[in-house]
Amino acid sequence: FGEIAHDRALEWVNYGVQNFEYTCEQLGVEPVVIDAQNDMEKVLAGMEDLLSQDVDAVSVYSFSPDLDARVAQMARDAGIPIVLKTRFRPTLWTVTP
């Protein structure tokens with residue numbers, strides 16, 4: 001499973017990454033964590049990297065509704081589930097095929 005972390009320099013982000021890694025361990029899957037370093041371009045590059053590694057699912061911390069739509073579409077195109085950890089209300093945007 002892949003995780004794109006917001007910014008590992010932030011303590012609270014590392015708590016989420018630790019939870020992700022622990023859950024992967026409990027499921028018997030290898031975690032792949034990418035640090036976006038608070039950079040939207042690194043989120044997109046990280047998503048491409050995870051997809052090239054054929055991960056079975058991805059978790060992404062949301063930066064913006066537009067970026068959420070882009071990474072959700074990338075996951076959809078790859079046929080894998082995605083979890084968007086967002087602070088935005090989902091009623092404000094949608095992803096269409």
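A nonpolar core is a set of buried Ala, Val, Leu, Ile, Met, Phe, Trp, Tyr and Cys residues joined through side-chain atoms within 4.5 Å. Here, buried means under 20% relative accessible area, while exposed means over 50% and partly exposed lies in between (1.4 Å probe, protein chains only). Keep both in mind as we look at this chain.

First, some ground rules. This is a predicted model, where local features need pLDDT of at least 70, side-chain atom pairs count only at pLDDT 80 or more, and totals for chains, interfaces and linings use all residues. Residues are numbered from 1 along each chain as its sequence is written, and side-chain values use heavy atoms, leaving out hydrogens and water.

**The layout**

The chain has three helices and four strands (DSSP runs: H or I of at least four residues for helices, E of at least two for strands, numbered from the N terminus). Starting at the N terminus, they come in the order β-α-β-α-β-α-β. Of the chain's 97 residues, 37% are buried.

**The core**

Which residues touch the most other members of the largest nonpolar core? Out of its 17 residues, they are Ile4, Val43, Met47, Leu50, Val58, Leu67 and Val71. Four elements each supply at least two residues of this core:

| Element | Residues |
|---|---|
| β2 | 32-35 |
| α2 | 40-52 |
| β3 | 58-61 |
| α3 | 65-78 |

Take Met47: setting aside neighbours within four places in sequence, Met47 is in contact (heavy atoms within 4.5 Å) with Ile4, Val58, Val71, Met74, Ala75 and Ile82.

**Helix α1, a two-sided helix**

Helix α1 covers residues 11-27. Its 17 residues should span 24 Å at 1.5 Å a residue (1.5 Å times one less than the number of residues), and its end C-alpha atoms, 25 Å apart, agree with that. Val13, Asn14, Val17, Phe20 and Cys24 are the buried residues of α1. They sit on the same side of α1 because they cover an arc of only 115° around the axis (taken from the directions from the axis to the C-beta atoms). These buried residues pack against β1 (2-5) and β2. The face turned away from them carries the exposed Glu11, Asn19, Glu25 and Gln26. After α1 comes Gly28, with a positive phi near 75°.

**Two helices together**

How do α2 and α3 pack? Their axes (lines fitted to C-alpha atoms over the stretch in contact) are 11 Å apart, at an angle of about 10° on a scale from 0 to 180 degrees between N-to-C directions. That makes them roughly parallel, a label for angles under 35 degrees. Among the residues of α2 that meet α3 are Met40, Val43 and Met47.

Notes. Parallel < 35°, antiparallel > 145°, perpendicular 65-115°, else oblique.
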